[in-house]
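Trainee: I have a model open and want to test some labels against their cut-offs. Shall we start with the cysteines?
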Amino acid sequence: MEGSRPATPEAPPENLWSSILDSVSSSRSIPSKQVLLLGPPSSGKSVLASALLQKPVSEESKDETRSDFALGYDWADIRDDGDEDTLARLSVYTVPSDAIAYTALMPHFLPPRASLPHTLVMIVLDWTRPWTFVDNLQTWLKWVELWAKGDGSRDLEIVREENHERLQHHLQHYTEPSVDAVPATSNLSSNTVLPLGPGTLTHNSAGVPIVVVCTKSDLIDEGNDLVGASNSGMGGMVKGKGGEWEERTDGVMQVLRTICLKYGASLFYTTQQPNTLQVLRQYALHFLFIPPAPSPIAAGSEAPAPLRNPFFFHYKPNTLDRDRIVVPAGWDSWGKIGVLREGFEAKVWGEAWEADLDADVSESEDHSGAKKMYRMLVPDQGAKPPPLPPFNAPMAEQAFLAKHYDENAKKPDRDPRGAFRNPTDTAAAGIVGPLGSSSFTLPTVERALSEMEAGMGTSSLNASTTADGARRLSQRGATAASMTNHVGRPPSSPTVGSSPSPTGGQTQHEVLQNFFQSLLSSRDRGGASATARTMTPKTNGNTSGTDDTS
C-alpha cells in the first residue's frame, strides 16, 4: 500500500488562481455591441440614442441651437427581464452630419476588422424633410460600403465574408412570429431554405446590419386638410385626406422599401410615443445578436443544435399604419412592395438606383436616375438660399488708368492747380510752385507787407523813413513786374507792373534774393533808429522818452 503512493505530493500548477479567474471570466464574459447612428442634423438622433439605452433625453438634446460634438458616445448595460443578469453592453455612436470632418473619425473608433461583426448601422431620415430621403440614403449607404472595406487586408476580407453569410442566412430563414409561446429555438431555426428573391441583398457585400428609421412620422398627416404648404414639411404634397396625398406617401414608402431590400436592411417609422421606440429597440438588439451561419455539415454527421438569439423579436410586420411602419429584414419582396399601391415598378426603381451609383457626380443631374424620379414624386420644398447678385466684372487696372489718362489729356483744364486758383484770374498756367497762384505773386506780397508796416502804429518812424520805405516798395513792385514779364506771365495786379523796370541781367533767384535782403535790411534800420530815439536821455534827467514842459 505504501509503495503505491507517491513519495511526495504532486506540486500544484503554476498560476493556479490566474487560470481559475480566466476560466470564470471567459465563461461569464459580457458581449459588447455597437450601434452607429447616422443622419442629418436635427433629425431625432438624440431621441433614438436615449431610447436604445433606456435613458431620459437630456435638456441639452432638446435645444434646437445646441452644438453637436464631433462624435457623440454613450453606453448602457442590457439586462434580462428580471433585471438580474447583464446580457450585453451596448454602445451608441452618433455622427452629427455627413461632413468629412466627422465621418473620417469613425475608422479610428470603430475599426471594421474588429467591430464589423458587432456593429449595427442605423440611418435616420426626417419626415419633415421627405424630399431629402433618397439623397441622404445614397450618401450614407455609400459611406457604409466604404467604411466596411477598410484597408482591404486578407483578415478583413474573411470577416466580411462571414458577416455576409450570417446576414444572408438570416434573410433566408426568416419566419413571421406567431401568437404562440416563444419556441425554444428562434425564428431562424427553420430547416426550409428559400432562395433570395430578385433585388434582395444585391449590395452590402460586408453584411452590415442596417436599419432605416424615419422619425417624426406622426407629422405626415399634420395639416392634411390644407392645400399647399403645411407644418408637416410635405409642402405641395398635401392635398387633403385620400387621393394624391396618400398615393405619394405610399410611393415614398415603396421607394424606401425597394432600396432597403437591395441592402438587406429593415425599415421602421417612429414617433415620440414610447411604444414605437420600444419596438425599434427590441429589433435592434435582435438584429445585433444574429447567430452566425452554421458551418457545412459533413456526410454522416449529426447537425449541431442551432444557436438561439437571446433577444427574440415578436412583432409582426406592419405596412398599413403609416406612423408605425415595421418592415423587418427578410420579410419584404418586390411582390409585397407592388401590392401596396398599383403602378409602382420596383424593378425600374432598382435600375434607377444602380444608375445613380454608377454615374459620376457631374452626370447625376443629366441621366434619369432615382434622384430625378424621386424629385418628380416629392418636389423640393426646402428653404432656398437668396439669389446671388449679378456678377460684376471689373475693368482691368491698366485699362482703367489708360482710359482716364486719355480723357484727362483732352481736357483744357487738366492742370490740378486750377481748383485752387481765383476764378477771376485769367493768368495762364505757369511755373510749378506757389508763384502760379494769384494769392502769392510778388506785388501782392509787397502790398501785404506795406499794410503790415503801416498798421504797426509806431511813433518812432519819422516821415523820411516812411518816404524811403514807400520809395523802396515802388522799386520792388517794378522789379516784380519785370520778373513776371521775364518768365512769360502778365502781371496779376493792374496797380503794379505797368511800368517795367530792367533787371540788369539778373536771374530769378538773384531778384528774389535781393528782394528779401532789402526787406531784412530795412527792418533792421527802422528798428535801430526807433530804439535810439526811445533810449536817448533828456536834459532834465527824464528817461521816459517824453519832454517835460512843465
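Mentor: Yes. This is a predicted model. The sulfur of Cys214 lies 7.9 Å from the closest cysteine sulfur, the one in Cys260, which is too far for a bond.

Trainee: What makes 7.9 Å too far for a bond?

Mentor: A disulfide needs two cysteine sulfur atoms within 2.5 Å. The pair fails that test, so Cys260 is in no disulfide either. By this rule the count is 0 disulfides.

Trainee: Why is Cys214 called buried or exposed?

Mentor: Buried means under 20% relative accessible area. Cys214 has 0% relative accessibility, so Cys214 counts as buried. Cys260 has 4%, so Cys260 counts as buried too.

Trainee: How much of the protein chain is buried?

Mentor: Buried residues are 38% of the 550 residues.

Trainee: Now helix 12, residues 346-358. How do you know what span to expect?

Mentor: Take 1.5 Å times one less than the number of residues. For the 13 residues of helix 12 the expected span is 18 Å. From first C-alpha to last, helix 12 reaches 19 Å, close to that value.

Trainee: Which residues of helix 12 are buried?

Mentor: Ala346, Trp349, Gly350, Ala352, Trp353 and Asp356.

Trainee: What puts them on the same side of helix 12?

Mentor: They cover an arc of only 160° around the axis, so they sit on the same side. In general, an α-helix has 3.6 residues a turn, so residues three or four places apart point the same way.

Trainee: What do the buried residues of helix 12 pack against?

Mentor: Helix 7 (133-149), helix 9 (244-263), helix 11 (334-340) and helix 13 (370-377).

Conventions:
Residues numbered from 1 in each chain as written. Predicted model: local features only at pLDDT ≥ 70, side-chain atom pairs only at ≥ 80, totals over all residues. Heavy atoms only, no water. Buried < 20%, exposed > 50% of the residue type's maximum accessible area, 1.4 Å probe, protein only. Helix = DSSP H or I, 4+ residues; strand = E, 2+ residues; numbered from the N terminus. Arc of directions from axis to C-beta. Contact = heavy atoms within 4.5 Å.
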